[in-house]
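Open the model in your viewer and keep it rotating while you read. We'll go from charged pairs to rings, then on to strands and packed cores.

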Amino acid sequence: MIVILNMEVLIMESELFGKLSCHPETESANQKPSLLNNSGYQKERLPNGTSLSLSFNGESYPPTVQPSYKPPPNYRSHGAILKNDAPSRIIPIAALNPYQGRWAIKARVTAKGELRRYNNARGDGKVFSFDLLDSDGGEIRVICFNAIVDRFLDAIEVGKVYVISKGSLKPAQKNFNHLTNDWEIFLETSSIVELCPEEDDTIPPQQFNFKAISDIMNAENNSIVDLIGIVTSINPSVTILRKNGMETQRRIVTLKDSSGMSVELTLWGDFCNSEGRQLQELFDSGAFSSLAVKAGKVSDFSGKSVGTISASQLFINPEIPEALSLREWFDKGGKDISSNSISRETMAVIRQNVVRKNVSQIKDEGLGRGDKPDWVTLKATVSFIKTENFCYTACPLIIGDRQCSKKVTKLTNGNWCCERCDREFEECEYRYLLQAQVQDHSGVTWVTAFQESGEEMLDCSAKELFMLKQHDDPKFAEIVRSCLFVQFLFRIKIKEEHFGEEQKVKITVVNAEKVNPLTESRYLLEEISKFDHIAF
């Protein structure tokens with residue numbers, strides 16, 4: 001609607017454009033004295049002496065010219081004359097954009113973040129957020145700051161349906177927001193959040209985008225994924241000291257699915273004592289529970305694993321089609337099918353790592369000298385292990401969802417200090433840095449084995465072996481000798497590294513398995529069968 005407050009006549013006479021049509025009301029209008037000009041137009045005399053063309057070929061059209069508008073004094077500087085108080089139309093979340101003046105969405109709260117306090121140049125503040133899901137599958141995050149927190153923190157409940165309007169849209173901060181929406185809603189003083197008294201069955205309680213565990217193997221580091229699997233093992237909760245000096249709980253759960261892979265899920269903080277404890281009780285009773293994870297964070301440290309974050313949600317034995325299908329697979333034989341873990345560095349490349357190399361081929365083929373490391377399998381026998389400096393003292397603090405593991409030094413007060421974390425602590429970790437000589441029929445080479453692979457070779461933790469060396473040297477020597485002249489299948493990473501001005505190819509053991517005669521015989525028979533077509 002356009003309200004014209006003033007107008008000025010610029011041209012009194014002009015050629016006719018289009019066709020004139022007579023309005024019915026004009027026929028009963030009073031006719032005023034008029035003049036006909038040379039063109040047949042009839043002119044209406046105005047009070048100021050000017051004339052306005054009103055008719056053509058004898059048909060009269062009364063004038064509608066009004067005097068210039070002057071607003072009354074009581075309307076001056078009072079803003080808009082009319083206000084549109086009509087309710088906002090409910091639209092899908094996917095249709096939201098910053099250029100809409102009036103909108104409303106109807107959605108279910110699927111997750112609610114904790115209240116967080118912060119301090120910056122503007123002073124102290126507080127913030128919390130919650131995620132919404134509508135009937136069309138659209139998701140968006142809503143954020144509240146300071147005074148808005150006091151209005152809505154207690155009013156928002158997970159699982160409830162609300163109608164929300166009069167908020168502002170801003171670009172989503174992808175560093176903190178895992179949802180696929182490009183926008184976030186910021187609630188303001190004028191925002192309206194109304195609880196829907198009746199349940200809306202068209203809006204699901206949660207929306208998942210599950211990835212198979214085998215697909216997580218190719219997921220990017222720090223990406224957010226949904227996954228579902230059967231709990232096949234669960235570790236007790238342990239206390240971990242974070243970099244900031246605060247203690248937290250950690251519990252590791254192993255999940256398995258029908259893709260033939262398994263993955264380690266790390267539960268942090270409250271997840272250990274809530275869902276983690278419930279899973280532990282179910283597992284101890286002999287039940288293999290299904291677990292759906294919403295918004296888990298992928299880590300690629302020593303293979304791929306998934307960890308919980310503040311936005312994560314865990315659903316034990318959920319009544320969803322994916323869980324029912326997985327349960328049916330597990331009960332009908334999936335339980336007895338062996339699976340490979342993607343949570344070890346070697347397992348992430350196990351399917352690609354099908355070609356074996358011997359010691360001489362590593363050098364002759366120039367492996368490890370390219371831009372990327374080479375991953376191969378080496379069957380070799382351990383012939384010598386260096387017993388000096390076989391382990392190092394490591395930092396036990398947690399950075400992100402992994403242990404720091406950097407070398408620490410002992411202070412005069414007896415505490416240990418990590419330069420990277422810039423903190424002191426009473427106890428440190430001991431981690432393997434094992435230097436071993438291995439050989440096969442073609443030659444001899446040196447390899448380095450770190451924590452997990454060192455434990456696989458010696459069947460003993462680095463701390464235990466260190467203590468034995470200090471207090472029980474015969475037992476220490478016995479454990480080391482038990483590893484010598486034992487044949488292993490080593491999964492190794494070969495990469496050229498620079499040591500000062502010298503370039504040297506470094507071979508790192510990421511997994512060590514003692515040769516199984518049965519599986520090794522099958523492998524050799526398959527290799528021999530490839531030569532059946534060759535005539536000797």
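Let's start at lysine 332, which counts as exposed because its relative accessibility is 68%. The cut-offs here: buried means under 20% relative accessible area, exposed over 50%, and partly exposed in between, with a 1.4 Å probe and protein chains only. Lysine 332 has a salt-bridge partner in glutamate 328, with the closest N and O atoms 2.9 Å apart. Glutamate 328 sits at 43% relative accessibility and therefore counts as partly exposed.

A word on the ground rules before moving on. This is a predicted model, in which local features need pLDDT of at least 70 and side-chain atom pairs count only at pLDDT 80 or more, while totals for chains, interfaces and linings use all residues. Residues are numbered from 1 along each chain as its sequence is written, and side-chain values use heavy atoms, leaving out hydrogens and water.

Back to the charges. Side chains of opposite charge can pair when their charged atoms come close. The criterion used for a salt bridge is a side-chain nitrogen of Lys or Arg within 4 Å of a carboxyl oxygen of Asp or Glu, and the structure holds 13 of them. One of them joins glutamate 199 to arginine 108, with 2.6 Å between the closest N and O atoms. This pair links distant parts of the chain, 91 residues apart: arginine 108 belongs to strand E4 (residues 104-112), and glutamate 199 to the loop between E9 and helix H3 (213-216). Helices (H or I, at least four residues) and strands (E, at least two) are DSSP runs, numbered from the N terminus. What about burial for the two partners? Glutamate 199 is exposed, since its relative accessibility is 52%, whereas arginine 108 counts as buried because its value is 4%.

Further along, lysine 530 and glutamate 527 meet through their side chains in another salt bridge, 3.0 Å from N to O. Glutamate 527 is partly exposed because its relative accessible area is 27%. There is also a network of salt bridges linking Glu139, Asp226 and Lys294.

Strand E4 deserves a second look, as threonine 110 is placed there too. Threonine 110 counts as buried because its relative accessibility is 4%. Neighbours within four places in sequence aside, threonine 110 is in contact (heavy atoms within 4.5 Å) with residues including Asp131, Leu133, Val158, Pro205 and Gln313.

Now find asparagine 181, in the loop between strand E8 (161-171) and strand E9 (183-195). Where does the side chain of asparagine 181 reach? It goes to the backbone nitrogen of tryptophan 183, at 3.0 Å. Although it sits in a loop, asparagine 181 counts as buried because its relative accessibility is 13%. Beyond four places in sequence, asparagine 181 is in contact with Ile93, Glu139, Ile140, Ala172 and Lys174; Glu139 is the residue we met in the salt-bridge network.

On to the rings. Rings of Phe, Tyr and Trp (its six-membered ring) pair if their centres lie within 6.5 Å; planes under 30 degrees apart count as stacked, over 60 as edge-to-face and the rest as tilted. The structure holds 13 aromatic pairs. Phenylalanine 208 and phenylalanine 210 are stacked, at 4.7 Å centre to centre with 10° between the planes. Phenylalanine 288 and phenylalanine 330 are tilted, at 5.4 Å and 50°. Phenylalanine 330 counts as buried because its relative accessibility is 3%, while phenylalanine 288, at 24%, is partly exposed. Both belong to one aromatic cluster with Phe283 and Trp329.

For some strand topology, look at the open sheet of three strands, antiparallel and in the order E22-E23-E24. Two strands pair if DSSP finds at least two bridges between them; E23 (residues 416-418) and E24 have three.

Finally, the packing. In soluble globular proteins, nonpolar side chains tend to be buried together. A nonpolar core here is a set of buried Ala, Val, Leu, Ile, Met, Phe, Trp, Tyr and Cys residues joined through side-chain atoms within 4.5 Å. The largest one has 43 residues, with Met457, Phe490 and Ile492 making the most contacts inside it. Strand E18 (residues 374-385) supplies the largest share of this core, five residues. A second, separate core has 24 residues, among them Met261, Leu265, Cys272 and Leu279.

Terms used:
A polar contact is a pair of N or O atoms within 3.5 Å; within protein, one must be able to donate a hydrogen and the other to accept it, and residues adjacent in sequence count only if both atoms are side-chain atoms.
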